[in-house]
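Trainee: I am new to this structure and would like a close look at a single part of it. Please choose one, and tell me what lies around it.

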Amino acid sequence: MKCLVYCPVEHSEWMKDFFPNIHPYFLKILNKPLLEYYIDFCVLNKISEIRVVKSSTSKEMENYFRDGMQWGLDISYNLARPGDSLSKIILKNSSFCKDSDLLIIHGLCFLNFKKDNNINFFAKQDENRKVHSANSAVYFFKKTKNPADIDLIKIIEDANAEFSITLLNGIKSYYDLSTDIFMNRPDDYFLPGYNNEPGVYIGRNVIYNPNSVTLKKPIMIGDNVQIRDNTLIGPNSVLGNNIIIDSSSTIIKSIIYEQSYIGSDLEVNEKIVFKNHLINPFTGDSIEIVDKFFVSSIEKNIISRSVRKMAHGFFALILIILYFLPYLFFLIFGRSKYIKPERKECYISKDKKLKKLLHWKILRSTFKSRMFIRFSMDKYPLYFEVLTGNLLLAGNCILPKNPSSSKLISKMPVYFPGVFDFPGMLLSCPDDDEFEIHEIYYIHNTNFKMNLRIIKRTLLGRLFSARRWIKNEL
Amino acid sequence: MKVELTKQGEIGILKTIGRLDASNEKEFKEKFQSYLAETVYFIMDFSELDFIDSTGLGAVISSLKKATEMDGDIYIANLQDKPRMLFEITRAYKIFEVFDDVETAILALKKEI
């Protein structure tokens, strides 16, 4: 038997306001991703294959679940276009859906079941059935050779099902569900953490002093959590992984999502904290705490970014020394009316910080302009911007200030402009259809070797085919 | 890289075998351009596509652009795990219909024609 999981984009629209960049299947409920509850349900029902259909990206989620081997079943993934109906998804996955009994979990919902009950619910069914709540449903289909024939409308509701559905359609339903499971039925599910006494779940590498920290159950603490002195945690509080609670703070009936820092002397009561956002689950109000001493997300990459900047600075220094004489020669003898310097305002960060950068405009292909490009003299002043940390040596394309550049930067997951860039190496400019693809490809595949290849190929490409580069520039 | 075209009525099934990257994207574009004389409806069968990079994806997108300019369309079938990651991170899946087998893709495309 197989299971197809599909959550249309519109079902998880509310999450964008509270949990930006969290994939709906990866939404943690009591420190466990929603999809993992589905997997538990599938395992209980002797399902051997799961197809997860996604209409938004999540590398993190796929890295976590991989091929499902950890749970003893096969997980495969497929893509959906935003707006695809369930019928279309069945059609698009018909190879997967045919020739086996099929369970479909449709929508953003939580399945209420008991792990100790030998459910095996679907083995008893002799015809198609569904259990639904509003726009979400769990369907059961008997084996068919042609999934395109499945009629979703005619399916009968199963009144005697051994499980039910709770819709996750807003921040309140999310909070209520966590509270309900934690307070009333924690034993129904496999919850993460060590559970030495009822109502207490503690993860690995949790550091606190039992003499100065008060824990009131029920309480759940994830992995790698530090709780400093004179704090009170609980009752009914969930702390995710990688959290620091600073001294003299109180956390009651709250959910602290992973990677958060709670400052000292704070009282968090009936709230959800997601990175630097404090959310009231009852009203839906969310405030961003700007002062990082109160509530903030723990930056994972600060150290690696500093090391990267230093490495780029080092290589920039080498290029400054190497190209010093050619540049000096150009300034003395190589100036031409066809090579015009101009200062352009350009974006230098994802938050649209601007900086005036020197840009050399080539107006005509002449001997001097070809030599200028051949030796990449236009790049020389930019190496100094690498030393000051404004640019990387190899990074995203430097985009000038204008509405389309601004839109493009907003769409990119990160933006670290560099003197050398991947689309530039391929002679693709921002007006090209493929420019955005090249940029996103670079962002997801960047590494030291790739950056080195970009610098090398750009410098050599210019050296040996300056005419082509100038033609592209013109 | 090898590109094979077979036809089922009006629909051209374009099977790409091997790698589609900067070294052969031009060849792919040229071949596709020549196939456009035969039909404008295509299923790109990626069951044996081992690797695709951004230039390869750019070629696939430019093919879609050309086909749609001539009122045609391109569906994708049998997208394997590694190429799928690229479709996902670049959000290219939002512009293509992706099916898990050629037969269903043909049925769906026939409905559109």
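Mentor: Let us follow one strand of chain B, meet its partners, and then turn to a helix and some charged pairs.

First, a word on the ground we stand on. This is a predicted model, in which local features need pLDDT of at least 70 and side-chain atom pairs count only at pLDDT 80 or more, while totals for chains, interfaces and linings use all residues. Residues are numbered from 1 along each chain as its sequence is written, chains are lettered from A and ligands numbered from 1 in the order in which they are written, and side-chain values use heavy atoms, with hydrogens and water left out.

Our strand is β2 of chain B, residues 11–20. (Strands are DSSP runs of E with at least two residues, helices are runs of H or I with at least four, and both are numbered from the N terminus.) Of its 10 residues, 7 are buried, so β2(B) is largely enclosed by the rest of the structure. (Buried means under 20% relative accessible area, exposed over 50%, and partly exposed in between, with a 1.4 Å probe and protein chains only.)

Now for the company that β2(B) keeps. Strand β1 of chain B, residues 2–8, pairs with β2(B) in the antiparallel sense, over 7 bridges. (Two strands pair if DSSP finds at least two bridges between them.) In this pairing, B:Lys7 faces B:Gly12, which belongs to β2(B). The two strands form a hairpin with 2 residues between them. Look in that turn for B:Gly9, whose phi is positive, at about 65 degrees.

Strand β3 of chain B, residues 41–45, is another partner: β2(B) and β3(B) run parallel and are joined by 5 bridges. To find this contact on your screen, start from B:Ile11 and look across to its bridge partner in β3(B), B:Tyr41. The route from β2(B) to β3(B) takes in helix α1 of chain B, residues 25–35, and together these elements make a right-handed β-α-β unit. (A crossover is right-handed if, with the strands pointing away from the viewer, the path from the first strand over the helix to the second runs clockwise.)

β2(B) also pairs with strand β4 of chain B, residues 49–52, in the parallel sense over 3 bridges. Here B:Arg19 stands opposite B:Phe51 of β4(B).

B:Arg19 deserves another glance, since its side chain meets that of B:Asp21 in a salt bridge, at 3.3 Å from N to O. (A salt bridge is a side-chain nitrogen of Lys or Arg within 4 Å of a carboxyl oxygen of Asp or Glu.) B:Arg19 counts as partly exposed, with 43% relative accessibility, whereas B:Asp21 is buried, with a relative accessible area of 10%. Elsewhere, salt bridges that share partners join residues of both chains into one network: A:Lys54, A:Glu62, B:Asp81, B:Arg84 and B:Glu88.

From the strands, move on to helix α2 of chain B, residues 54–69. The 16 residues of α2(B) reach 22 Å from the first C-alpha to the last, close to the 22 Å expected at 1.5 Å a residue. (The expected span is 1.5 Å times one less than the number of residues.) Like our strand, α2(B) is largely enclosed by the rest of the structure, because 12 of its 16 residues are buried. Among them are B:Leu57, B:Val60, B:Ile61 and B:Leu64. After the helix comes B:Asp71, with a positive phi near 65 degrees.

To finish, let us see how charged pairs appear beyond chain B. Over all chains, the salt bridges number 31. One of them, in chain A, brings A:Lys217 and A:Glu197 together at 3.3 Å, N to O. This pair links distant parts of the chain, 20 residues apart: A:Lys217 sits in the loop between β15 (213–215) and β16 (219–221), and A:Glu197 in strand β12 (residues 194–197). A:Lys217 is partly exposed, with a relative accessible area of 45%, and A:Glu197 is partly exposed as well, at 41%.

A:Glu345 and A:Lys401 form another salt bridge, their closest N and O atoms being 3.9 Å apart. These two also link distant parts of chain A, with 56 residues from one to the other: A:Glu345 is in strand β29 (residues 339–347), and A:Lys401 is in the loop between β31 (392–395) and α11 (403–411). A:Glu345 counts as partly exposed at 34%, and A:Lys401 is partly exposed at 47%.
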